[in-house]
Amino acid sequence: MHRRLLQLVLISLVGAATLAAPAVAAPPGPPDVYRPVRGPAAPAEYRYLQKTLPGESIPRHAHDTAAAQARQLPTVGGRWKPVGPTNIGGRIVSLALDPKRADTVYAAAASGGIWRSTDAGQTFTSAWPDDWTQAMGAVATGPDGTLYAGTGEPNPGGGSITYEGTGLYRSTDGGAHWRPIGLRDSGAISAITVDPANPRRLYVAAAGSLYNGGGDRGVYRSDDGGSSWQRILTGANEFTGATEVVVQGKRLYAVLWDHRRRPDLRTYGGVGSGVFRSDDDGKSWQRLGGGLPAQSPEVGRIGLAVAGENVYAIVNKTSGPFEGFYASRDGGDTWSRTPESKDLANSQSSFGWWFGKIWADPKDARHLHVAGVALLTSKDGGDSWTYDDSSIHVDHHAMVWDPRRPGRVYLGNDGGVYRSDADGDGGWVKARHEPYTQLYSVAISPQDTSRISGGAQDNGSLRSWGGDGFNEYLGGDGEENLINPTDVNNVYACYQYGNCFRSTDGGDNLTYFADKTVFKRRNWFTPVVFDPRDPKVLYYGSEVLNRSTDGGVTWNAISPDLSGGPGPDPIYTNYGTITTVAPAGDGRTVYAGTDDGRVWVTKDLGATWTKLAEGRPWVTRVVVDPKNPDRVYTTHSGYRAGSALAHVYGSTDGGKHWKDLSGNLPAAPVNDLIIGRGNILYIGTDQGVFASLPGGGRWHRLGRGMPQVPVDDIEYDAGHHRLVAATFGRGFYELTTL
């Protein structure tokens, strides 16, 4: 820690300006949305726009390149300890059974690696290296027991930016050891199929990068266990990837999907989307018609199931909603659209691109399950449907039948792994140990070190007290969580778009307060912070800054609009907002940052505001020294190639002048910053936690034992020398500090 700091480059002040706060509070915004919203659309937009530069996409292999840079840095400090949750779970995108070991199931967590259960899905342990990418798309086993993992999540949403992977991997010892076997430029792998008659013959559906065209995408075959690959089906354009591949002897079925994400546009369908069949082991292919939707820019993601001559397809529109469900009784030559079903259509909501899965009972070709918000079930080949949205978590992605156990089915969704012994027609039992929760935030208490809370993707706001293990006390996507440092029972929790609640009994009873604030726009992750002098004083950022002096009961606006105005997206209008607030210890000075790269300060509690910077990437944090209101830091998001823009700035004169403190950090988003004892700086990034001496510029990896997983939030308890991190895929981690 005491090595010479790098020379710091002085950055000139950007466009200082002064604004007066409004004389009276602005009128409140539109009616509030008081309901826990679930689903991937909003967080997908939020995290993607946060982690890019305006007008630029995410560079190819950006995450992996930054991770390699992180591994080169020296490591200091002790060992990180996982502290849960283990009973909540998280998004599972693929499942596979071990053909050699009864009751052994493998699960691929979206950003948490590969997991193995040897007790029929009750408990899971890691079967993947911690220091490799944790982004997963598919897991499969061959008839000889060989295990395969495809990295990179193919589902474009769900609170992640769809972290890209590093290709395909193979293990011959149940996940104890792995080796790469190619397709490194596949971006995301959606399906792996091993020929049941030949374990050396593999088929892979490579979805491709969501952000960059070309690369390894389409359907691939290997005849030598993955030593070499041949692309046997190529899409119509550079953004057409494959999502399914099914093998029936020499007959193959595949699904192709056009999908592309730009900073200003999402196009999840196109002329390349369709169902394809080959009758000669991939030498030639035909796009199936005969009643399926014709080739069109409006054809979105398609799910496919094959059961002998019975073939089923669920088609969604490019814009996201359900288009239709189709059945074929002749191997795909002709198709008929099944009767209209409101329940089936509603199951796809407005984001059918999040699902695209059908599963057929291997014993009964007319018994089907379809992935959606709810799990849909048909017992008559799609003519009628029932649904389950109450006994199991929502948003389904994976299912597999166990041939050893009649009636046993495993299910993977945004809540983890479930098992049914009734062919999936009910009787679901949730896994009880699955430590791969995707977290956005963490809150801790100096009064009680056992109390941890935080917001989780599609699993609400979680707390470590008030129940067995962690338990959800507010629904939706969990966002900001706070615990009053002087009263552990006074807690705050939010779900997306600033829908926030307060409690005086530890969260057992919650009172909604967001409707008391002033707002026109609120960020998906709306900041709520305590004043360091008095926790009864809170700040809440919409496009204006709100302040409360009575613990959040009443609120007043103390600023004008601090952003550059609403963004250009006509659908997601909640941009042009405050993303971070930092009140100083003098009771007068407050800093704020915005999603459009502006930094502001008031030194008179909002009477006047001075713009300190603009044109920077998304401001993830502004942090002020509690003992010195002029010592301030800003952190910034964004994967960017060849850009001189910093990820960390520091100022010792209240923001009049800034220094680039990025130094030797990996070229990746910085999500949080903490000022520790002795003014040591700690930062949370997409590649872990780093520390620097005061002044920054020379960074070290902090601690050992944390997987290569994004860290969205860190909290510090100086009195107990502890740092707690919220990871996006592996739960909470704790480290003892200086």
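**Exercises on a predicted model**

The structure, a predicted model, holds one disulfide.

**Exercise 1.** Determine which cysteines form the disulfide, and establish whether each is buried or exposed.

*Solution.* A disulfide is a covalent bond between the sulfur atoms of two cysteines. Here the partners are Cys 494 and Cys 500, with their sulfur atoms 2.1 Å apart. The angle about the S-S bond is 105°, and the link of Cys 494 and Cys 500 is right-handed. Buried means under 20% relative accessible area. Cys 494 has 2% relative accessibility and therefore counts as buried. Cys 500, at 0%, also counts as buried.

**Exercise 2.** Classify the ring pair of Phe 124 and Tyr 436, and state which parts of the chain the pair ties together.

*Solution.* A search of the whole structure finds 25 aromatic pairs. In one of them, the ring centres of Phe 124 and Tyr 436 lie 6.5 Å apart and the planes meet at 75°, so the pair is edge-to-face. Phe 124 belongs to the loop between β7 and β8, and Tyr 436 to the loop between β34 and β35; the pair therefore ties together parts 312 residues apart in sequence. Both Phe 124 and Tyr 436 are buried.

**Exercise 3.** Classify the ring pair of Trp 128 and Trp 178.

*Solution.* The centres are 4.9 Å apart and the planes stand at 65°. Planes over 60 degrees apart count as edge-to-face, so the pair of Trp 128 and Trp 178 is edge-to-face. Trp 128 and Trp 178 are both buried.

**Exercise 4.** Identify the ring over which the charged end of Arg 616 sits.

*Solution.* The charged end of Arg 616 sits over the ring of Tyr 649, at 3.7 Å from its centre.

Definitions and conventions
Residues numbered from 1 in each chain as written. Predicted model: local features only at pLDDT ≥ 70, side-chain atom pairs only at ≥ 80, totals over all residues. Heavy atoms only, no water. Disulfide = S-S within 2.5 Å. Buried < 20%, exposed > 50% of the residue type's maximum accessible area, 1.4 Å probe, protein only. Phe/Tyr/Trp six-rings, centres within 6.5 Å; stacked < 30°, edge-to-face > 60°. Helix = DSSP H or I, 4+ residues; strand = E, 2+ residues; numbered from the N terminus. Lys NZ or Arg CZ within 6 Å of the ring centre and 35° of its normal.
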